[in-house]
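User: I would like to go through this model and ask, for each label, what it rests on. Please start with the term that is needed first.

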Amino acid sequence: MTLDRRSLGVPDLSLVVLVGTTGSGKSTFARHHFLPTQIVSSDVCRGLVSDDENDQSATPDAFELLHYIAGKRLAAGRLTVVDATNVQPEARRSLIQLAREHDVLPVAIVLDVPEGECARRNGARPDRADMPSHVISRQRRELRRSLKSLEREGFRKVHILRGVEQVEGAEIAIERRYNDLRHLTGPFDIIGDIHGCRSELETLLGKLGYALRRDGQGRPVDAVHPEGRTAVFVGDLVDRGPDSPGVLRLVMGMVASGSALCVPGNHENKLARYLKGRKVKIAHGLAETVEQLDREHAADPEFADRAREFIESLVSHYVLDGGALVVCHAGLPEKYHGRTSGRVRSHALYGETTGETDEFGLPVRYPWAEDYRGRAAVVYGHTPTPRASWLNNTLCLDTGCVFGGRMTALRWPEREIVDVPAEQVWYEPVRPLGNEAPGGTDGRPLDLADVRGRRIVETRHMGRIAVKEENAAAALEVMSRFAVDPRLLAYLPPTMAPAATSAEEGYLEHPAEAFAAYRADGVRQVICEEKHMGSRAVALVCRDPEVAKEHFGAPDGVSGMVYTRTGRPFFDDPRLTESVLGGVRGGIEGAGLWQELETDWLLLDAELMPWSLKAAGLLRNQYAAVGAASGAVFPGVLSALEGAAARGVEVSALLDKQRGRAVDAAAFTEAYRRYCWPVDGLDGIRMAPFQILAAQGRSLAALPHDRQLALIDRMIEAEKPGADGGPLLAPTRRLIVDTEDDASVAEGVAWWRELTEAGGEGMVVKPLQGFVRKGDGRLVQPGVKCRGREYLRIVYGPEYTRPENLDQLRQRHLGHKRSLALREYALGLEALDRLADGEPLWRVHEAVFAVLALESEPVDPRL
């Protein structure tokens, strides 16, 4: 038998409805062409609810289950195939309604197999051998009556396979949806509403780097970027402005040449209906376009038809760049991304209104962007706004050029906004431009729903990071009661994992393990940075209070913030905070970093000293108490034992042990005292910055550490003495080590010994490059701490160095601590990236809050 080969196009997200009488081979066809998980069978559902696939009394429950499963799959964006007879219009009607509810295309595949063949097949099946013959005849009649009405019922595609040969020869061709351009990764230049302002469009394209191509009359008919960038137009090309035909000619040429994409706006939609002869109201700028097209007709009679065909070919929205970017005209909630229905097209063209009108008689638009929480950035236009600013990962590019505002574009993935001014007011707006699409500091306030309960935070460098509900609750307690103003809390530093446990005699931590670990991760060059004897601090330093207010919404008179690694104010006195910020600001200004980094603010990671400045209570109640107790007890104990020994009592072993304990206790006291010195106001305070985290418009976290420290050295050298005389900024000593060079490693070990034997805390070992991945793509630890032998006495107790104690302490488990450090590092990078991208506060704070939440995970605090 020669098979009749046919290719059946099926959209990759659709509801495929198989239609055919019992015995027509629907189940066999489904199994042959689709995955088992894609098929929802009425027979299987009947069996699930009754244990008998042929129990017709269970049919209502079976179809209720079938609709439920199919609905869940469609909601998840999965191709779904319904295997049932579906020969009756009411059965198909409910499935078409299900497809519409989930904004997917319904597709019908009809298996029109002769009645005799269906009867023969049923007769060969024991479970259907006794089926009355009239059942197939009735279903066959219903099928034949349905064939001509399937498209009218709502099926977007109908494939009819007539006879066994066509059924067996059919092939399914999965088709990408028209709006699915995820394979196009850009880079893109997304251009906002043009409204006939051709001259401004030419200027903007030139500023973006496009080269215009003109026809013989000097009119622009195409534009190409030398670096292969693609322009994406968000619609509303026409109406109100001086040259709608000229804009259409240029955009149509760019789309035809492949240098641009375009989605339709509501004004194009109305123009296309007018050009088709439909009755439309000539208002809102359409009169100007009609007049301009009439003049165009004299020179090019076919131009209007080409424009209509172009508009009718446009797709409601595009999903681009692997799903990270959605472009449409009026905005689109996440549930509609990549979906295809009249409802989706309507929202993409017109947005959603509340049903109310404002004082100008215009509809009040529903603020969908305020509720948006989607992963994809949505870039749109439609609603004129004075400036383009991000809100909840959405950006409105309609900045009212035709009303005398600006024409705006977004460079993607750079997230850089580029604009040009209007040459004049071309059309008087009905109402003044209002900021209906706010972003940044104009966005909505923080919402408890953003952080409450179990959360999943999407990061660029580590994927999805989960935050447990109980950890979020603990962080919420800290954040709501003790933290600084969240507008000034753009970043929290990650915890730091220690080096692997050392097997070297007398040591719990040793740099040899740190160097070996980085060498195993493929990191050749590391930088060893002196670990200061202070507390971690993050400093947001603005040029002046006006900058802090403009960029961060700071209260009057506040020029930044200094806070701890858990987000609390470092100083109780705001005047002391401003004094510290003033000292840092002086170094930045003296080094010329404002100009060099093109910024009005910097975010710094630092250590503030002395440790007693923040840990006075801990020192007093925990460490000093141990030192005082040992100082009070051991002299008497030793005196008594020495007296007993003088009298001839055999106490030498006990005396040696207690003398050793007294030495350990004295070493413990000496260790913590190094972290304490008197402070009077700013006098005695030292800050050691070691990383510039971010500047205006960019994250600097990936800048190599030697370059980071070189910038900071310039700050320290340029610092001007304050009113109290002494310098505030302290340098960070460092050494670069080649992990594959034994001599260099030995030099690093010797340097660490020199630091720690002189009373220093130890060092932090980091990859010299600011951001490193392993060969398998996983993140490398951004830094490991290698603490000195005497400093660890404070952490583990006075007698931790005794061999029996060290053996026990070496059984520490570092896996959880290392995982925690990497997750917090990725979240910190994400917060900095969102800050640099100008994303709204809730997006930045989502990542910051997650770092604080992870800090409440149970882990040995001594690590």
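Analyst: A residue is called buried when its relative accessible area is under 20%. The model is a predicted one, and by that cut-off S535, A537, A539 and V541, which point one way from β27, and R536, V538, L540 and C542, which point the other way, are all buried.

User: What makes strand β27 count as mostly covered?

Analyst: Buried means under 20% relative accessible area, and eight of the eight residues in β27 (535-542) are buried, so the strand is described as mostly covered.

User: How do you know that β27 pairs with β29, and in which sense does the pair run?

Analyst: Two strands pair if at least two bridges are found between them; eight bridges join β27 to β29 (residues 601-609), therefore the criterion is met, and the two strands run antiparallel. Within this pair, V541 has L602 of β29 as its bridge partner.

User: Why is β28 also called a partner of β27?

Analyst: The requirement is again at least two bridges, and β27 and β28 (residues 560-564) have five, so they count as a pair, in the antiparallel sense. Here V541 stands opposite G560 in β28.

User: What makes β3 and β6 the edge strands of the five-stranded sheet?

Analyst: The open sheet has the order β3-β4-β2-β5-β6 with parallel pairing, and β3 (39-41) and β6 (157-162) each pair on one side only. From one strand to the next, the twist averages 20 degrees. As for the pair of β3 with β4 (residues 80-83), three bridges join them in the parallel sense, and at least two are needed, so the pairing holds; V40 stands opposite V82 in β4.

User: How do you know that helix α2 packs on the sheet, and what angle does its direction make with that of β3?

Analyst: Contact requires heavy atoms within 4.5 Å, and helix α2 (residues 42-50) touches β3 and β4, with its direction at about 60 degrees to that of β3. Helix α4 (residues 89-101) lies across β2 (14-19), β4 and β5 (105-112), and runs at about 170 degrees to β2; angles here run from 0 to 180 degrees between N-to-C directions, so the helix and β2 point in nearly opposite directions.

User: Where does pLDDT stay under 50?

Analyst: The protein averages a pLDDT of 88, and 93% of the residues score at least 70. Over residues 435-442, however, pLDDT stays under 50; since pLDDT is the predictor's confidence on a scale from 0 to 100, the 25 contacts that the model has there beyond four places in sequence should be read with care.

Key:
Residues numbered from 1 in each chain as written. Predicted model: local features only at pLDDT ≥ 70, side-chain atom pairs only at ≥ 80, totals over all residues. Heavy atoms only, no water. Helix = DSSP H or I, 4+ residues; strand = E, 2+ residues; numbered from the N terminus. Buried < 20%, exposed > 50% of the residue type's maximum accessible area, 1.4 Å probe, protein only.
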